[in-house]
Amino acid sequence: MAGIGVKLNHIFEKRSLTANLVGFIYGSAMTIAPMMLVIGVILLMEWLLGFNTVGYDMRELFSCTVLYIFIFALLTASPFNAVLSKYMQDAIFEERYQDILPCYHIGLAMNIFLSCLLGIPFCLWEHFVGGVAVSYVFTGFCGYISLVLVFYTMIYLSICKDYGRISLYFLIGMTVTFLLSLVLRYMARWGVTQSMLMALVIGFFLIAVLEYATIRRYFIQNSNRFWPVLRYFGRFWKLIVVNFFYTFGLYVHNFVFWTTELRMVVVRSFVCCQPYDMATCLAMFTNISATVIFIARMEMHFHEKYKAYSEAVIGGKLADIQSAKRKLFREVGNELMDLARIQFIISVVIYLLAIVLLPRFGFAGMVMRIYPCLAVGYFILFIMYSGILFLYYFNDMNGAVMTAVSFFVVTWLVSIFATGLSEIWYGIGVVAGSFVGYSVMYHRLRWVERRMDAQVFCQGNLIKRNRGPKPTAKVYQSDGHFAREDDRQQEPPLQAAGGQS
């Protein structure tokens with residue numbers, strides 16, 4: 001995210017209150033603005049199109065359709081994002097720009113295949129068992145695939161540091177969505193939910209087309225080399241595990257409560273738990289600023305220390321290397337602690353405002369009783385994910401896997417236990433899972449710090465790795481000559497073991 005960092009450094013170097021405000025707004029626009037635009041447009045359409053005048057069953061069908069589109073578009077993209085990002089970064093570093101389009105195409109085919117593997121059976125069930133019209137089911141499926149394309153292509157624009165275009169394309173797409181919904185409702189005389197859903201589908205598809213056009217403008221040549229991309233999935237399978245279990249852990253507690261008596265089943269197909277899902281959404285928005293804060297601080301402070309350590313390793317003295325390493329890990333600790341302090345203040349303010357204001361807008365009862373515990377859980381969760389990114393920097397894939405898997409497993413198991421508790425403790429699964437994941441992440445960072453020298457200086461191989469018989473241990477003969485390579489390959493291991501040194 002160096003593109004954001006350069007701009008943020010330029011803004012914050014003025015060291016004024018206005019500069020801090022402008023920097024925060026810019027960071028927000030480059031990171032969380034797309035999500036906020038989608039939510040804002042949906043709320044605006046509901047208000048202007050008279051969504052509250054629609055029957056309860058149609059309102060819930062539309063809400064569940066949009067909910068499932070977002071959740072499962074993210075889940076089906078999660079196994080591919082990290083590995084494809086890694087391949088693209090390596091290709092750009094090695095200036096193999098002709099290999100970017102093959103990476104895009106093979107990844108897109110795999111993502112669409114997995115998405116259809118889950119989406120088509122569900123849509124068939126929704127029509128034949130739930131009795132939903134074919135036109136509505138097909139429109140929802142198109143929206144699902146369009147959002148898959150949007151999320152997938154965003155990976156490549158993010159690697160290209162083109163965050164501004166992502167926000168711009170979402171602004172264009174959501175503007176078209178809003179205007180088209182008015183046309184379909186008041187000029188074409190479509191139903192309210194049909195107008196909203198079709199407008200969202202076209203808006204998502206427009207965003208995907210604009211993103212793809214930008215990718216094709218950046219990368220023109222195509223080497224048609226697909227096998228190297230597939231080999232990356234075997235080589236970096238740990239990235240798949242980390243990204244999938246982290247994303248799955250974000251929703252597994254919702255899935256647990258979808259199986260309880262609080263659940264609501266719509267058209268015998270969609271399952272949700274409205275109070276818990278709404279409280280989850282509020283808790284996420286309470287702490288979403290942690291993403292902006294972390295990106296800003298990472299770009300402005302951590303990269304300088306990381307660069308200084310890398311330069312010391314390349315050409316510095318031992319004392320310089322050790323000093324740079326201490327400063328690097330001191331900066332890691334400072335960034336995590338500063339993130340926790342700043343986000344704690346923001347979360348407390350937002351929480352107090354939510355407790356006071358939200359009941360006036362209809363958010364009360366069970367939703368507000370579940371919300372506090374989930375807010376605490378998401379506060380820890382976003383800090384935990386920041387630590388996972390640090391583990392990525394230090395190439396500790398085992399630590400990242402341990403963090404993500406422990407977070408998922410503990411969240412899942414404790415959420416099952418929480419279904420038998422009172423409402424205020426329903427979110428304890430997220431709290432426990434995030435705390436365990438954070439603890440694992442913290443201890444792995446300390447472990448990396450102790451083993452940093454071995455990781456940097458002892459990763460090479462004296463003998464080229466290859467399949468075949470193990471070479472003999474004898475490298476020097478008693479007559480003062482080095483053993484030839486062919487002798488070392490032909491000599492049996494037992495004879496070599498008994499040879500003279």
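Reader: How many cavities of 30 Å³ or more does the count come to?

Author: This is a predicted model, and the count is made on its atoms. Rolling a probe the size of a water molecule over the atoms shows where empty space is left. With the limit set at 30 Å³ or more, the count comes to one cavity.

Reader: What volume does the largest cavity have?

Author: The cut-off for the count is 30 Å³ or more. The largest cavity has a volume of about 40 Å³.

Reader: Which helices each supply at least two residues of the lining of the largest cavity?

Author: Start with the lining itself. It consists of Val 66, Ile 69, Phe 70, Gly 143, Leu 197, Leu 200 and Phe 204. One helix spans 56-93 and another spans 192-218. The helices that each supply at least two lining residues are H4 and H8.

Reader: How many nonpolar, polar and charged residues does the lining of the largest cavity have?

Author: Gly counts as polar by the classes used here. Gly 143 is one of the lining residues. By class, the lining has no charged residues, one polar and six nonpolar.

Reader: How many helices and strands does the protein chain have?

Author: The chain holds 501 residues, and buried residues make up 47% of them. Its elements come to two strands and 19 helices.

Reader: What share of contacts between residues at least 6 apart in sequence join residues at least 24 apart?

Author: Set aside pairs that are not at least 6 apart in sequence. Among the contacts that remain, the share joining residues at least 24 apart is 78%.

Reader: Which helix gives the most to the largest nonpolar core?

Author: The largest nonpolar core has 130 residues, and those with the most contacts inside it are Val 150, Tyr 156 and Phe 394. One helix, residues 366-393, gives 17 residues to this core. That helix, which gives the most, is H14.

Reader: Which residues does Val 150 touch, not counting residues up to four places away in sequence?

Author: Val 150 is among the residues with the most contacts inside the largest nonpolar core. One of its partners, Phe 204, also lines the largest cavity. Leaving out residues up to four places away, Val 150 touches Phe 170, Phe 204, Ile 207, Ala 208 and Glu 211.

Reader: Is Thr 214 buried or exposed?

Author: Thr 214 is found in helix H8. Buried means under 20% relative accessible area. Thr 214 has 4% relative accessibility, so it counts as buried.

Reader: Which side chain makes a polar contact with the side chain of Thr 214?

Author: Leaving out residues up to four places away in sequence, Thr 214 touches Leu 157, Asp 162, Arg 165 and Tyr 169. Among these partners is a side chain at 2.5 Å in a polar contact. It belongs to Tyr 169.

Reader: How far apart are the C-alpha atoms of Phe 80 and Asn 243?

Author: Phe 80 lies in helix H4. Phe 80 counts as buried because its relative accessibility is 7%. It touches Met 110, Asn 111, Leu 114 and Phe 233, not counting residues up to four places away in sequence. Phe 80 and Asn 243 are 163 residues apart along the chain, yet their C-alpha atoms are separated by 8.4 Å.

Reader: Where does Met 368 lie, and how far is it in space from Ile 355, C-alpha to C-alpha?

Author: Met 368 is found in helix H14. Its relative accessible area is 12%, so Met 368 is buried. Its contacts include Leu 282, Ala 354, Ile 355, Leu 358 and Phe 363. Met 368 and Ile 355 are 13 residues apart in sequence, and in space the separation is 7.5 Å.

Reader: Which residue's side chain does Glu 94 join in a polar contact?

Author: Glu 94 lies in the loop between H4 and helix H5 (100-128). At 47% relative accessibility, Glu 94 counts as partly exposed. The polar contact of 2.6 Å joins its side chain to that of Arg 96.

Reader: What is the phi of Glu 95 near?

Author: Most residues other than glycine have a negative phi. Glu 95 lies in the loop between H4 and H5. At 57% relative accessibility, Glu 95 counts as exposed. Its phi is positive, near 60°.

Reader: What positive phi does Asn 395 have?

Author: Asn 395 is found in the loop between H14 and helix H15 (397-418). Asn 395 counts as exposed because its relative accessibility is 56%. It is not a glycine, yet its phi is about 60°.

Note on methods
Residues numbered from 1 in each chain as written. Predicted model: local features only at pLDDT ≥ 70, side-chain atom pairs only at ≥ 80, totals over all residues. Heavy atoms only, no water. 1 Å grid on protein atoms, 1.4 Å probe; cavity = no way out; pocket = protein on both sides within 12 Å on 5 of 7 lines; lining within 4 Å. Points joined across faces, edges and corners; volume = space filled by probe spheres on them. Helix = DSSP H or I, 4+ residues; strand = E, 2+ residues; numbered from the N terminus. Core = buried A, V, L, I, M, F, W, Y, C linked by side-chain atoms within 4.5 Å. Buried < 20%, exposed > 50% of the residue type's maximum accessible area, 1.4 Å probe, protein only. Contact = heavy atoms within 4.5 Å. Polar contact = N/O pair within 3.5 Å; in protein donor to acceptor, adjacent residues only side chain to side chain.
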